[in-house]
Amino acid sequence: MTNKNKTLGEYIIENQKNFKYSSGELSRLINSIRLAAKVVNHEIRKAGLVDITGAAGDINIQGEAQQKLDVYANDKFKETLINREIVCGIASEEEDDFVIVEGNNKKNENKYVLMMDPLDGSSNIDVNVSVGTIFSIYRRVTPVGTPVTIEDFLQPGRNQVAAGYVAYGTSTMMVFTTGHGVNGFTLNPAIGTFYLSHPNMTFKETGKIYSVSEGYFAHFEEGMKQYLKYCKLEEGDRPYTARYIGSLVADFHRNLIKGGIYIYPKSKTSPKGKLRLLYECNPMAFIAEQAGGKASDGYDRILDIQPTELHQRVPFYVGSKKMVEKAEEFMAKYKDQ
Ligand code: AHG
Ligand code: MN
Ligand code: MN
């Protein structure tokens, strides 16, 4: 990354007019996420040196053990957004309920709510493998100046005004969309600045990578089993390559760059899938579509699902368009088996 590249700060200023509703508020919000991402990145990079790996001792509302970095990332993102009075509400994987953000004068005039998975792939922290942060932004639907309600969060994904992720990998990248394509920025850690390294990111129409935890094969539905067999057949451009990191952000990011499909299907033990609609699937689906890819629950478009609860789970098929369509074909064909 050279300083010839545009910085994220410059990009935000130049593109403010392209943001939906073109208010400075959304730019300020993206700026705050950029700041929190740098703080969390700094902590993650120290993970092996300080006592930050391992379980925090609590179980989140979804019955998962919270890791210390889950809690740390959640607190840092929340703190940054609340201190800047930039949103009127926050929902997070690590919070049982949504958080109402009140302004100093108890009258919050902000229009946006943010949902997040502050630390995605947390089982990878202790083993020095990539993790990420996912965020999703909506305009509130209830009147400005009143406390947010659940209605502001339970919006279909197609209403998103911005979404993105931060990948803490061999380098740290922030990738996001405001509905005008997808751009990726790489952090230069020496000076703490994100540079536009991946302008206009697009999914290849088809690819050669499939990312599924096949260990659960015996628990999958027939359509999924048949699709996995298809991936391994020697025919045409197959067999495909299997790649599964166990961090949605990292798996998605690789497939976005190389072409591929990521699937977290439903199974006997996870009848609704594992991933959460509001702060994992919807933001990734918005990015995928903006990059020319596709996202579905195996049958229908993710972004059209009307959410009914904050921590709702959904099966997730995302990536190169033709690959997602092929998987859907198998799901439809074996639907009743
Ligand atoms: P989180 O760490 O936020 O709970 O998310 C983990 C998710 C996702 O990132 C990953 O792809 C998937 O869980 C891995 O689940 P399995 O271990 O069941 O494959
Ligand atoms: Mn996650
Ligand atoms: Mn998480």
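Mentor: We may start with Glu93, which is buried, having a relative accessible area of 5%. Please keep in mind throughout that this is a predicted model.

Trainee: Which metal ion has Glu93 among its protein donors?

Mentor: Glu93 serves the manganese ion (ligand 3) through OE, together with Asp117 through OD and Leu119 through O, and these donors lie 2.2 to 2.4 Å from the ion. Along the chain the donor residues follow the spacing E-x23-D-x1-L. Glu93 sits in the loop between β3 (89–92) and β4 (99–100), while Leu119 belongs to strand β5 (residues 112–120); the two are 26 residues apart, and the pair links distant parts of the chain.

Trainee: Is Leu119 buried or exposed?

Mentor: Leu119 is buried, because its relative accessible area is 1% and the cut-off for burial is under 20%.

Trainee: Which residue coordinates both the manganese ion (ligand 3) and the manganese ion (ligand 2)?

Mentor: Asp117 coordinates both ions, which are 3.8 Å apart.

Trainee: How should one read the pockets, and how much space lies in the largest pocket?

Mentor: The general idea is that rolling a probe the size of a water molecule over the atoms shows where empty space is left. In this model, the largest pocket holds about 380 Å³ of space. Its lining comprises 24 residues, of which Gly121, Ser122, Ser123, Lys274 and Arg276 are the closest to the centre. The elements β2 (65–67), β5 and β13 (260–264) each give two or more residues to this lining.

Trainee: Where does the largest pocket lie with respect to domain 1 (3–198) and domain 2 (209–333)?

Mentor: The largest pocket lies between them, because both domains give residues to its lining. By residue class, that lining divides into seven nonpolar, eight polar and nine charged residues.

Trainee: What is the corresponding description of the second largest pocket?

Mentor: The second largest pocket contains about 250 Å³ of space. It is lined by 17 residues, and those closest to its centre are Ile44, Arg45, Ile125, Asn128 and Val129. The lining of the second largest pocket consists of eight nonpolar, seven polar and two charged residues.

Trainee: Burial can also be read along a helix. How many residues of helix α6 (residues 277–290) are buried?

Mentor: Helix α6 is mostly covered, with 12 of its 14 residues buried. Among them are Leu277, Glu280, Asn282, Met284 and Phe286.

Trainee: Which residue with a positive phi follows α6?

Mentor: That residue is Gly292, with a phi near 85°.

Conventions:
Residues numbered from 1 in each chain as written. Chains lettered and ligands numbered in written order. Predicted model: local features only at pLDDT ≥ 70, side-chain atom pairs only at ≥ 80, totals over all residues. Heavy atoms only, no water. Donors = N, O, S within 2.8 Å, 3.2 Å for Na, K, Ca; no water. Helix = DSSP H or I, 4+ residues; strand = E, 2+ residues; numbered from the N terminus. Buried < 20%, exposed > 50% of the residue type's maximum accessible area, 1.4 Å probe, protein only. 1 Å grid on protein atoms, 1.4 Å probe; cavity = no way out; pocket = protein on both sides within 12 Å on 5 of 7 lines; lining within 4 Å. Points joined across faces, edges and corners; volume = space filled by probe spheres on them. Nonpolar A, V, L, I, M, F, W, Y, C, P; charged D, E, K, R; others polar. Domains from an automatic or database assignment.
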